[in-house]
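Reader: I am in my first year and new to reading structures. Please take me through one part of this one closely, the place where its domains meet.

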Amino acid sequence: MSGYDYIVVGGGSAGCVVAARLAEDATVSVLLLEAGSATPVTTTPNNWLSLLGTESAWQDTTLPEPELGRALPWPRGKALGGSSAINGMIFARGHRSSYDWGAGWEFDDLLPFFRRSEHAPTRDPSLRGVGGPLRVAPAEHRHPTAAAFVEAAVEVGHRRASDISGGLEEGVGWVDLNIVDGARQSAADAYLRSQPNLHVLTDALVQRVVFDGRRATGVEYVVGGQRIHASAGEVVLCAGAVGTAQLLLQSGIGPADHLRDVDVELVADLPGVGENLHDHPLTYVAHGSAQPVPASSYNNVEVVGMLRSDPALDAPDLQSCLSPTGENGYVVTLSLMTPHSRGRLRLTGSGIALEPRYLTDARDMTAMVRGMRLVHEIGAAEALKPWRGQDVEPVGEEYVRATTATYFHYVGTCKLGTDEMSVVDEDLRVHGLDGLRVADASVIPRIPSANTYATVIAIAERAASLVNGSAVPPDGSSSPN
């Protein structure tokens, strides 16, 4: 087929959800295009970091970061399932306070879609979903260092959370994981199934969105060296904060002066495309262990702490986790969940330029340094004494600059809103254009205070309901399987 009702660009976390939900209507045809392979490289959950350097990941690198003094690798998923095929498998909502995205896009608005996506039978059914495609639960066999981390945090005054993944609590607790029967469950695993009206095409790199005036009428993509045009009634971009912004720019949608500079014909002057790029900056404290650390049966992160860098804050702004690094040690990580720093993405003659600009807002460095003090306090608690080996080095701004890296949570380059820098409206339609929506992490105006996967899934669930006009049951239940 060359003509479809819907074309979904990007077979990653969001794209798998959108395509599967749209295809539930047997009267429509859906094309899902993924640049990567149909079969991602796999490994055991506790070895997930090894996937970041494989063919299942785009091997992007940032420009040299002004505050860090170095460039950073910026991997993202390149396979069916996208980043859900290579990520750390943490499934957590941000604290409800971090969903202040505007009318129709606050925590309570997203809650039915969070619930619709998940099967979390061990959690409170009034808050969490049962019967959804993604099977999530905390680690059943708890790692002893993770258990010690929880007790250490409680010992120094942090709250013990009963469901740190639910979005209503702060403190420290056992986080939900997308690990089923000892293996990763990606969005492709959970959502995609054989449907005659859903055509999934992998190794297909989309070059541009095609327009007739101001209406999107399809896309051009390359597969096997052949350039193909596919038409559609509506195009939904789900290529992520990097891929979607890049594709819009390549299609002539973005800042007019930049498109002129790179010799791309202008379709729509939207200055916000590629702006507002941000991520959770991540650093760590490494600890040697006083006794052999057993291997994790899961993904090396089983507990999460949601903390405040300043007690005067209204909500938590930091995340801390403990992760075994081998038989001889472990790290306690720290990430700023509410960063103020913003960067951008631009086209270049050879591809893209990524400028996340970590810690360029001084408030972020202040919060990170305060957070490191909290991490040290937890690490020095009596509960961790059986594991604690040699002393760790003192930390401050210099240490934070030297160790900060990506948390792989890229968002914001096509933000939703109504101001002049927004790219999509409350229905995820690209401003000023017809037949084109965006439904992925790029629409997030301010990053939620958690690993972003669960939020991206909820955005995609809601996007599908906006596109096809379907209603979500009050309890959020529904599964395509």
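Author: What follows is a walk across the boundary between the domains, with a short stop at the cysteines. Keep in mind that this is a predicted model.

Start with the layout. The domain assignment splits the chain into domain 1 and domain 2. Domain 1 is made of 1-65, 73-135, 183-279 and 408-474. Domain 2 takes 139-174, 281-336 and 359-403. The C-alpha centres of the two domains are 30 Å apart.

Now the contact itself. Domain 1 gives 21 residues to it, and domain 2 gives 19. How much area do domain 1 and domain 2 bury between them? The value is about 1600 Å². Carbon and sulfur atoms hold 48% of that area. Look next at the domain 1 side. Asn 46, His 95 and Arg 123 lose the most area to domain 2 there. Together they make up 34% of what that side buries.

Then come the polar links. Between domain 1 and domain 2 there are 2 salt bridges. The interface also has 14 residue pairs in polar contact. On the side of domain 1 that touches domain 2, 9 residues are nonpolar, 7 are polar and 5 are charged. Find Arg 128 and Asp 163 as well. Their side chains form a salt bridge, at 2.9 Å from N to O.

Last, the cysteines. How many disulfides are there? The count is 0. Take Cys 414, which is in no disulfide. Its nearest cysteine sulfur belongs to Cys 238, 11 Å away. Is Cys 414 buried or exposed? Its relative accessible area is 0%, so Cys 414 is buried. Cys 321 has 2% relative accessibility, so that residue also counts as buried.

Notes
Residues numbered from 1 in each chain as written. Predicted model: local features only at pLDDT ≥ 70, side-chain atom pairs only at ≥ 80, totals over all residues. Heavy atoms only, no water. Domains from an automatic or database assignment. Contact = heavy atoms within 4.5 Å. Buried area = accessible area lost by both parts, 1.4 Å probe. Salt bridge = Lys/Arg side-chain N within 4 Å of Asp/Glu carboxyl O. Polar contact = N/O pair within 3.5 Å; in protein donor to acceptor, adjacent residues only side chain to side chain. Nonpolar A, V, L, I, M, F, W, Y, C, P; charged D, E, K, R; others polar. Disulfide = S-S within 2.5 Å. Buried < 20%, exposed > 50% of the residue type's maximum accessible area, 1.4 Å probe, protein only.
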